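Hi,

Here is the structure I promised to send over. Have a look at it first, and then read on for what turned up.

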Amino acid sequence: MPITATPFHFARQWTAAAVLATLGSIAPVWAQPIQLVAGTLNMFRDTRGANDVGVGQGDRFQFGADIVGGSADVSLGATSSGGFNVGQFLCNPLAVNGNFCSRSTPFNANRLDPWTLRFSRGADSLLRAGPSLVGAEAAVPFPVSVTLSGSGLTPRISWQVPGGFVPDGFRVNLYDKSLLQGNGQADVVHSVPISAASTFYDIPSTFSSGLSLREGGNYTINLQLIDTRGDVPFNGNNAQILRRSSSFFAFTPLSGDNPPDVALPTVVDGVYNFNIDQVGPGITFIDPFVAVGYDYATGQGNPNFASVILPNVGDGQFTLSFNDVTGAQSVSLAQGSQYFFGPGGVSAFRVSDIETSAGLDPADATAFITGLSFTANGSFTGTMTPITVFVAEVPEPGRFALAALGLLVIGARLRRQRRR
């Protein structure tokens, strides 16, 4: 007697087949072939400035692409045709682009030959020939006199391009130092390409990541000067870039009434470094975050400090120490009083006796505005080094007395530049 399958048997067989088909359709992401977002493969020379966001500084080759479906589980390496190898390392997607994948290696003028880029995920590997580096022999310069202006949460960033270089565009990235990636770097919360004709950018109320600037937040602006392949206008795609400079400037949103332009510092190992194109006998205001004192110094070839004015912080009484032609000096100075150092000025001085009880926020770039004048016209490339102490408790819980610094430049020249 023949055996006939019951509907139950058929149902059970169909269910098993369906399960197998379903499992095949939901295979884990790492089992899927690596795919690059079309038109994003890139390799270029990247001259990076010092920074406090964890990005490797110096002259680099940067390479990578965007990965379809996200880059978190993809590693990237490369090999030059001359045999130089860059080992595999995991990509780090950004808040502004979850597909972003990049690596870098030190620039070497003898390695402008073709490269092969390796993308790996589990057992899957994808090789792609990197774009040509011909034309990247010269480095792109850094901008100068980068300034922050405007109070509130939509400030303006302004800059100057050194003479002799004409960019094809700019990019402004904004790092939030309270948000860290898996590799320890601060995350990029806003990224936007800027026209080559621009001299300023107004930070919007909502970032490209969907986040917003926070009052009292601790940020770093990354300003990139970009030379594209074929000198086409930059549209934000790294695949266009042949070479760029990438500089970093720490800042905190301003509040209240402030002078019109805050020239921002680059932070290196807790020391705040400036690159201001022109200063002179007119008053220039320096603005650090917080500390119990500061050491001020001019850079090589800068004019000397002629005078100083200190703000109303704490009890408004400070000690000013310096060496002049007569030897070591130490004087008391009240807030708002302009102290003149005497003929010839000085190249360095210290301000001390800032009370820890003032509770100045280390992320506030407007906490201690110091006015300076100089003995002659020139550039200011000097530094301000905080004298810090650990404070177990300050008026706002959880904040510590560390230090940071911004620079505020008041003068008709910078005001004119803002209006261009």
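One cut-off before the rest: a residue is called buried here when its relative accessible area is under 20%. Cys-91 comes out at 4%, so it counts as buried. Cys-101, at 1%, is buried as well. Please keep in mind that this is a predicted model.

Those two cysteines are worth a moment. They are joined by a disulfide, with 1.8 Å from S to S, and the count for the model comes to one disulfide. The pair links distant parts of the chain: Cys-91 is in the loop between strands E4 (85-90) and E5, while Cys-101 is in strand E5, 10 residues apart. The angle about the S-S bond is -40 degrees, which makes the link of Cys-91 and Cys-101 left-handed. As a reminder, a disulfide is a covalent bond between the sulfur atoms of two cysteines.

Now the overall numbers. The protein chain has two helices and 29 strands. Of its 420 residues, 47% are buried. Among contacts in the chain with a separation of 6 or more, 73% are between residues 24 or more positions apart. The accessible surface is about 18,800 Å², and carbon and sulfur atoms hold 56% of that.

On to the sheets. One is an open sheet of seven strands with mixed pairing, in the order E5-E2-E1-E14-E13-E10-E11. Strands E5 (100-106) and E11 (186-194) are at its edges with a single partner strand each, so one side of each has no neighbour in the sheet. From one strand to the next, the twist averages 25 degrees.

Within that sheet, E1 (residues 42-48) is a good place to zoom in. Seven of its seven residues are buried. In a regular strand the side chains alternate between the two faces of the sheet. For E1, both faces are covered: Asn-42, Phe-44, Asp-46 and Arg-48 are buried on one side, and Met-43, Arg-45 and Thr-47 are buried on the other. E1 runs antiparallel to strand E2 (residues 58-66), joined by seven bridges, and Met-43 has Phe-63 in E2 as its bridge partner. With E14, E1 runs parallel, over four bridges; there Thr-47 stands opposite Ser-245. Towards the E11 edge, strand E10 (residues 169-180) pairs with E11 in the antiparallel sense over eight bridges, and Arg-171 stands opposite Pro-193 in E11.

There is also an open sheet of four strands, E4-E3-E6-E7, with antiparallel pairing. E4 and E7 (124-129) are the edge strands, each pairing on one side only. Ignoring direction, neighbouring strands of this sheet are turned by 15 degrees against each other on average. Strands E3 (residues 75-80) and E6 (residues 115-121) pair over six bridges in the antiparallel sense, with Phe-119 in E6 as the bridge partner of Leu-76.

What about the nonpolar packing? In soluble globular proteins, nonpolar side chains tend to be buried together. The largest nonpolar core here has 25 residues, and Trp-159, Leu-174, Phe-251 and Leu-264 touch the most other members. Strands E8 (144-149), E9 (156-160), E10, E11, E13 (219-228) and E14 (241-251) each supply at least two residues of this core. E13 gives the most, with four residues. Leaving out residues up to four places away in sequence, Trp-159 touches a list of residues that includes Pro-143, Phe-170, Ile-194, Tyr-201 and Leu-223. Another core, of 23 residues, lies apart from the largest one; Val-279, Tyr-296, Phe-318 and Leu-333 are among its members.

One last spot to click on is Ala-136, in the loop between E7 and E8. Its relative accessible area is 0%, so Ala-136 is buried. Which residues is Ala-136 in contact with, leaving aside its neighbours within four places in sequence? They are Arg-45, Phe-107, Leu-242 and Arg-243. Ala-136 is also 9.8 Å from Arg-229, C-alpha to C-alpha, with their positions 93 residues apart in sequence.

Cheers

Definitions and conventions: Residues are numbered from 1 along each chain as its sequence is written. This is a predicted model: local features need pLDDT of at least 70, side-chain atom pairs count only at pLDDT 80 or more; totals for chains, interfaces and linings use all residues. Side-chain values use heavy atoms; hydrogens and water are left out. Two strands pair if DSSP finds at least two bridges between them. Axes are lines fitted to C-alpha atoms, for helices over the stretch in contact, and angles run from 0 to 180 degrees between N-to-C directions. A disulfide is a pair of cysteine sulfur atoms within 2.5 Å. Buried means under 20% relative accessible area, exposed over 50%, partly exposed in between (1.4 Å probe, protein chains only). A nonpolar core is a set of buried Ala, Val, Leu, Ile, Met, Phe, Trp, Tyr and Cys residues joined through side-chain atoms within 4.5 Å. Contact means heavy atoms within 4.5 Å. Accessible areas come from the Shrake-Rupley method with a 1.4 Å probe; for residues, only the protein chains shown count as cover.
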